[in-house]
Amino acid sequence: MPGRPPAAEVKRRVRALRDLSSRLRAAFLDRLAGSTLEVVVERPAGSAPGVVGTSAEYARVLIGDGTPDLVGRVVLAVADRRDGDRLSATLVRFQPLVGPD
């Protein structure tokens with residue numbers, strides 16, 4: 001295609017954008033550390049203890065002290081720290097009026 005950059009330049013730009021995206025995501029998650037989040041609990045964590053969900057800010061959250069009975073509920077959790085591409089959090093309480101009965 002005319003005007004298209006050489007393949008090596010395309011690869012360089014893709015790497016640069018992926019690196020920028022990773023740094024911005026990490027900074028975003030770091031800013032959430034210490035805050036109380038509303039989290040929709042989606043599933044048990046699998047091999048790790050706890051449950052996994054998504055916060056209202058669209059951050060992936062591992063709630064280490066969450067239990068499988070919370071799946072499908074909205075809970076409040078305090079984000080303790082960033083752990084890779086998600087947050088590790090501690091359960092505060094669940095919202096009893098939201099979720100399956």
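Start by selecting Tyr-58: this residue is exposed, with a relative accessible area of 67%. Keep in mind as you click around that this is a predicted model.

**Stop 1: the loop around Tyr-58**

Show the backbone here as well as the side chain. Tyr-58 sits in the loop between strand 2 and strand 3. Check its torsions and you'll find phi near 65 degrees, a positive value in a residue that isn't glycine. The loop belongs to a hairpin, with four residues between the strands.

**Stop 2: the two strands of the hairpin**

Now extend the selection to residues 51-55, which form strand 2, and residues 60-63, which form strand 3. The two pair in the antiparallel sense, and four bridges connect them. For one facing pair, pick Val-51 and look across to strand 3, where Ile-63 stands opposite.

**Stop 3: Phe-28 on the helix**

Next, select residues 7-32, the stretch that makes up helix 1, and find Phe-28 within it. Is Phe-28 buried or exposed? Neither label fits: its relative accessibility is 23%, so Phe-28 counts as partly exposed, the cut-off for buried being under 20%.

What does Phe-28 touch once you ignore its neighbours within four places in sequence? Display Glu-57 and Ala-59, since Phe-28 is in contact with both. While you have Phe-28 highlighted, add Arg-82 and draw a C-alpha to C-alpha distance: the two are 9.5 Å apart in space, although 54 residues separate them in sequence.

**Stop 4: zoom out to the fold**

Switch to a cartoon of the whole protein chain. You should count one helix and five strands. Colour from the N terminus and the elements run α-β-β-β-β-β.

Then turn the C-alpha trace about its principal axes, along which the chain spans about 60 × 25 × 25 Å. What radius of gyration goes with that chain? The value is 18 Å, whereas a compact globule of 101 residues would come in near 13 Å.

If you have a contact map handy, filter for a separation of 6 or more: residues 24 or more positions apart account for 50% of those contacts.

**Stop 5: surface and charges**

Finally, turn on the accessible surface. The total comes to about 6600 Å², and carbon and sulfur atoms own 57% of it. Colouring by burial would mark 29% of the 101 residues as buried. For a last view, colour by charge: the chain carries 16 positive and 12 negative charges, and the mean positions of the two sets lie 11 Å apart.

Key: Residues are numbered from 1 along each chain as its sequence is written. This is a predicted model: local features need pLDDT of at least 70, side-chain atom pairs count only at pLDDT 80 or more; totals for chains, interfaces and linings use all residues. Side-chain values use heavy atoms; hydrogens and water are left out. Two strands pair if DSSP finds at least two bridges between them. The radius of gyration is taken over C-alpha atoms; the globule rule is 2.2 Å times the number of residues to the power 0.38. Buried means under 20% relative accessible area, exposed over 50%, partly exposed in between (1.4 Å probe, protein chains only). Contact means heavy atoms within 4.5 Å. Accessible areas come from the Shrake-Rupley method with a 1.4 Å probe; for residues, only the protein chains shown count as cover. Lys and Arg count as positive and Asp and Glu as negative; His and the chain ends are not counted. The place of a charge is taken as NZ of Lys, CZ of Arg, CG of Asp or CD of Glu.
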